[in-house]
Structures are given as structure tokens and as C-alpha cells.
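Here is a quick walk through one chain, starting from a single side chain and working outwards. Keep the viewer open as you read.

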Amino acid sequence: MWLKLGISQPKALSDELRNLFETREAEKEAEMEKEAAKFRELVKSEAEIMFDFLKNDFIIRAKNGSSYWACDSNCFTGIMEGLNLHSDVFFLYEELKNICERNKIETDTYIDSQSKIKSYEFWWA
């Protein structure tokens, strides 16, 4: 009857609840995206710091006639701790890999049988 008269259908409780839920979900998603953007910026800045540190080691190795530099995962995390970097190791390495690629330095990881990173390797020849 309400359709024939042009009267809008009364809102059901489920419609109101759905609207509340969708609004809250959109707020949560926006907040998570904001946090993710802050995290990405932190990782990028910390990867630059790490690269500046490693660059000195690369130069020393090249002067000594070596075309690569490698360290185990404990050494890598130790460097991070020494530089007071707090990013996740995986994300920091991924951003560091991008920086190395821009500088034409190849990088790779050696993964053991338990799928854990054993060492980080960088080479420029």
C-alpha cells in the first residue's frame, strides 16, 4: 500500500544497524590506511638510513677488490638495532632492495630449509 501512495517504506532496524556498521567500517578502513601510510613513510626513511650505512661498507669492500657484501640475518638485525631502526626487517629489506636497484646494486637473500632468511647478499659487478 505504501508504494502506491508514494510513501517511503519505514526503515527496519536491520537497515539502521547496517548503516551504522558500514559507517564504522569505513572509518576503520580510513584509519588503517592512514596508519599504513605512516608505516610506509617510516620504512622508506629507515631504509635510506640503512643504505647510507651499508654504502660505506660497500665502498670499503670495493676498495679491497670485492664485488659483493653479505651478512647473516643476525648481523643485519644487529645493524638495524645499532642504527636504532624499528621497522619490520622484511619491509625494511624490501625498501632497501628498491634503493639498491636504483643504484644498480643487486641484492638477494639466502633462505634456509625452514623458510627463514639466513643471509642478505649485495653485489655490484
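## Ile99 and Cys100 in helix α4

In this predicted model, Ile99 has a relative accessible area of 2%, which is under the 20% cut-off, so Ile99 counts as buried. Ile99 belongs to helix α4. Setting aside residues within four places in sequence, its contacts are Ala47, Glu48 and Phe51. If you want a distance to check, take Phe39: Ile99 and Phe39 are 60 residues apart in sequence, and their C-alpha atoms are 17 Å apart in space.

Move on to Cys100, which also sits in helix α4, the stretch covering residues 89-102. Is Cys100 buried or exposed? Cys100 is buried, and its relative accessibility comes out at 0%. Beyond its neighbours within four places in sequence, Cys100 is in contact with Phe51, Ile105 and Phe122. So Phe51 turns up in the contact lists of both Ile99 and Cys100, by the 4.5 Å heavy-atom criterion. Tyr120 is 20 residues away from Cys100 along the chain, with 13 Å between the two C-alpha atoms.

## Helix α3 and its two sides

Now for helix α3, residues 73-82, where the buried residues are Phe76, Ile79 and Met80. They share one side of α3, because they span an arc of only 100° around the axis. The general background is that an α-helix has 3.6 residues a turn, so residues three or four places apart point the same way.

What covers the buried residues of α3? The cover includes α2 (13-63), β1 (68-72), α4 and β3 (117-123). Turn to the other side of α3 and you find Asn74, Glu81 and Gly82, which are exposed.

## The loop from α3 to α4

Ser87 lies in the loop between α3 and α4. Despite the loop setting, Ser87 is buried, at 7% relative accessibility. Not counting residues up to four places away in sequence, Ser87 touches Leu42, Val43, Glu46, Met80 and Leu92. One of these, Met80, is among the buried residues of helix α3. For a longer reach, try Glu27: it is 60 residues from Ser87 along the chain, and the C-alpha atoms of the two are separated by 26 Å.

Asn84 is in that α3-to-α4 loop as well, just after α3. Unlike Ser87, which is buried, Asn84 counts as exposed, with 51% relative accessibility.

## Two positive phi angles

Most residues other than glycine have a negative phi. Against that background, Asn84 is worth a look: its phi is positive, near 60°, and Asn84 is not a glycine.

Lys104 is another case, with a positive phi of about 55° in a residue that is not glycine. Where does Lys104 sit? Lys104 is in the loop between α4 and β2. Lys104 is exposed, and its relative accessible area is 74%.

## Thr109 in strand β2

Thr109 takes us into strand β2, residues 106-111. Its relative accessible area is 18%, under the 20% cut-off, so Thr109 counts as buried. Thr109 touches Tyr93, Ile117, Ser119 and Tyr120, once residues up to four places away in sequence are left out.

## The whole chain

Zooming out, the chain has four helices and three strands. Read from the N terminus, the order is α-α-β-α-α-β-β. The chain is more spread out than a compact globule, because its radius of gyration is 25 Å, well over the 14 Å that the globule rule gives for 125 residues. The C-alpha trace spans about 90 × 30 × 25 Å along its principal axes.

How many of the 125 residues count as buried, as a percentage? The figure is 22%. The chain exposes about 9,400 Å², and carbon and sulfur atoms supply 53% of that area. Among the contacts with a separation of 6 or more, 60% come from residues 24 or more positions apart. As for charge, the chain carries 17 positive and 24 negative charges, and the mean positions of the two sets are 3 Å apart.

Note on methods
Residues numbered from 1 in each chain as written. Predicted model: local features only at pLDDT ≥ 70, side-chain atom pairs only at ≥ 80, totals over all residues. Heavy atoms only, no water. Rg over C-alpha atoms; globule rule 2.2 N^0.38 Å. Buried < 20%, exposed > 50% of the residue type's maximum accessible area, 1.4 Å probe, protein only. Areas by Shrake-Rupley, 256 points an atom, 1.4 Å probe, with all protein chains shown as cover. Lys, Arg positive; Asp, Glu negative; His and termini not counted. Charge placed at Lys NZ, Arg CZ, Asp CG, Glu CD. Arc of directions from axis to C-beta.
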